[in-house]
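Got your viewer open? Load the model below and keep the selection box handy.

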Amino acid sequence: MKSTGRCRAHTNIALIKYWGKRNEELFLPMNSSLSLTLDAFYTDTEVVLDDDLDSDEFYLDNTKQGDKETQKITEFLNLFRNLANIETKACVKSYNHVPTAAGLASSASAFSALAGAMNQAVGLNLDLKTLSTFARQGSGSATRSVYGGFVEWSMGEDDKSSTSHAVPVDDAKWDIGMVVIAVNTGRKKLSSRVGMKQTIETSPFYSSWVETATSDLTKMKEAIKGHDFITLGEITESNGMKMHATMLGAFPPISYWEPDSVKAIQKVKEIRETGIPCYVTMDAGPNVKVLCQQSDMKKIEELLLEDFNREQIIPSTVGEGIKLLNASEWNY
Ligand code: DP6
């Protein structure tokens with residue numbers, strides 16, 4: 001017997017960052033975080049549970065993945081299989097939709113789409129809140145990709161897996177968007193998982209980071225409630241910089257920046273000085289993301305083109321939450 005689930009999930013960019021786990025096994029974060037889901041980057045995933053399979057199989061963009069990658073998928077699918085009390089193996093096919101130059105293939109959209117597809121294949125009918133706790137256990141940032149718009153990942157109160165989940169904050173149907181400046185699209189040398197652990201263990205700034213991220217989140221939720229783009233942007237930029245400063249304090253120091261990251265940050269500052277509100281944020285890589293108003297996006301792109309190539313500049317508007325795909329929407 002075979003049973004199929006198919007799901008699309010978009011990636012998200014944190015405006016208040018997650019950088020550290022208080023429980024590595026359950027992926028419980030040190031602080032709550034808040035993101036914006038983007039429509040330009042997404043993953044489509046199909047799960048086929050098949051009694052005839054002896055082990056799980058995993059294909060990414062039509063390429064069969066090795067044991068290490070497949071093992072990660074198996075462990076993740078086991079969360080669902082254990083709940084449903086089944087042992088059926090699965091064939092998983094994932095397709096990343098990321099403009100080729102972006103290098104932003106993301107574990108956030110990947111595990112969120114996998115959670116949605118597996119939920120359907122098993123027929124568990126888990127709600128979005130529960131799905132976000134499952135997605136979390138694939139990759140922390142995936143917790144937030146279950147929903148669209150502005151999303152908070154609440155850290156939860158104790159060491160119970162179920163209390164740390166995503167909450168939609170606002171559908172972000174505002175005049176808002178993000179321009180990604182792709183500085184370097186190669187694979188990052190230090191994974192976020194390792195980088196955050198090293199930061200917690202060695203950076204003397206870590207406890208201040210958690211305090212400041214917590215108060216930034218409160219202020220950001222106020223800004224979202226008040227529809228205040230400028231405050232939202234200012235907190236975004238400041239929070240991202242504080243995360244990177246905390247990493248620089250680690251031993252050995254961690255920096256994901258490259259010379260062109262600094263060039264991009266400078267350029268955004270110059271654009272802002274001309275009177276266009278726009279703010280940068282960066283994650284565990286050298287690429288720079290510019291939070292801006294959608295109505296200013298064209299102008300910002302033009303100005304960025306003075307210093308960067310066309311293929312380095314990728315605009316995006318707000319993305320929606322996970323969505324099941326039916327057979328006719330599955331064009332692979
Ligand atoms: C800098 O979610 O990739 O993008 O939970 O270990 O899989 P794991 O890490 P991941 O880390 C994301 C870190 C970040 C900030 C954020 O998205 O909040």
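What follows is a short tour, from the whole chain down to three single residues.

**The whole chain**

Bear in mind that this is a predicted model. Start with a cartoon view: the protein has 8 helices and 14 strands. Orient along the principal axes, and the C-alpha atoms fill a box of roughly 60 × 40 × 40 Å. How does the radius of gyration fit with a compact globule? For 332 residues, the globule figure would be near 20 Å, and the protein has 19 Å, so the two agree.

Now switch on a surface. About 14700 Å² is accessible, and 50% of that belongs to carbon and sulfur atoms. As for what's underneath, 55% of the 332 residues count as buried. Contacts reach a long way along the sequence too: among those joining residues at least 6 apart, 76% link residues at least 24 apart. If you colour by charge, you'll pick up 35 positive and 44 negative side chains, with the centres of the two sets 1 Å apart.

**Stop one: Thr11**

Select residues 2–16, which make up strand S1, and pick out Thr11 there. Is Thr11 buried or exposed? Its relative accessibility is 4%, and buried means under 20%, so Thr11 counts as buried. Show what surrounds it: beyond its neighbours within four places in sequence, Thr11 touches several residues, including Leu36, Phe41, Tyr42, Ser106 and Ser145. Then draw a distance from the C-alpha of Thr11 to that of Ala142; you should get 8.0 Å, although the two are 131 residues apart along the chain.

**Stop two: Gly116**

Next, select helix H2, residues 107–122, and find Gly116 in it. With a relative accessibility of 3%, Gly116 counts as buried as well. Which residues does Gly116 contact, once neighbours within four places in sequence are set aside? They are Cys7, Leu131, Ile322 and Leu324. For another distance, try Gly116 to Leu126: these sit 10 residues apart along the chain, with 9.0 Å between their C-alpha atoms.

**Stop three: Glu301**

Finish on helix H8, residues 297–304, where Glu301 lies. Here's a Glu that counts as buried, because its relative accessibility is 6%. What does the side chain of Glu301 make a polar contact with? Turn on the sticks and look for the side chain of Arg310, at 2.8 Å. Arg310 also appears in the contact list of Glu301, together with Ile313 and Pro315, when neighbours within four places in sequence are left aside.

Note on methods
Residues numbered from 1 in each chain as written. Predicted model: local features only at pLDDT ≥ 70, side-chain atom pairs only at ≥ 80, totals over all residues. Heavy atoms only, no water. Helix = DSSP H or I, 4+ residues; strand = E, 2+ residues; numbered from the N terminus. Rg over C-alpha atoms; globule rule 2.2 N^0.38 Å. Buried < 20%, exposed > 50% of the residue type's maximum accessible area, 1.4 Å probe, protein only. Contact = heavy atoms within 4.5 Å. Areas by Shrake-Rupley, 256 points an atom, 1.4 Å probe, with all protein chains shown as cover. Lys, Arg positive; Asp, Glu negative; His and termini not counted. Charge placed at Lys NZ, Arg CZ, Asp CG, Glu CD. Polar contact = N/O pair within 3.5 Å; in protein donor to acceptor, adjacent residues only side chain to side chain.
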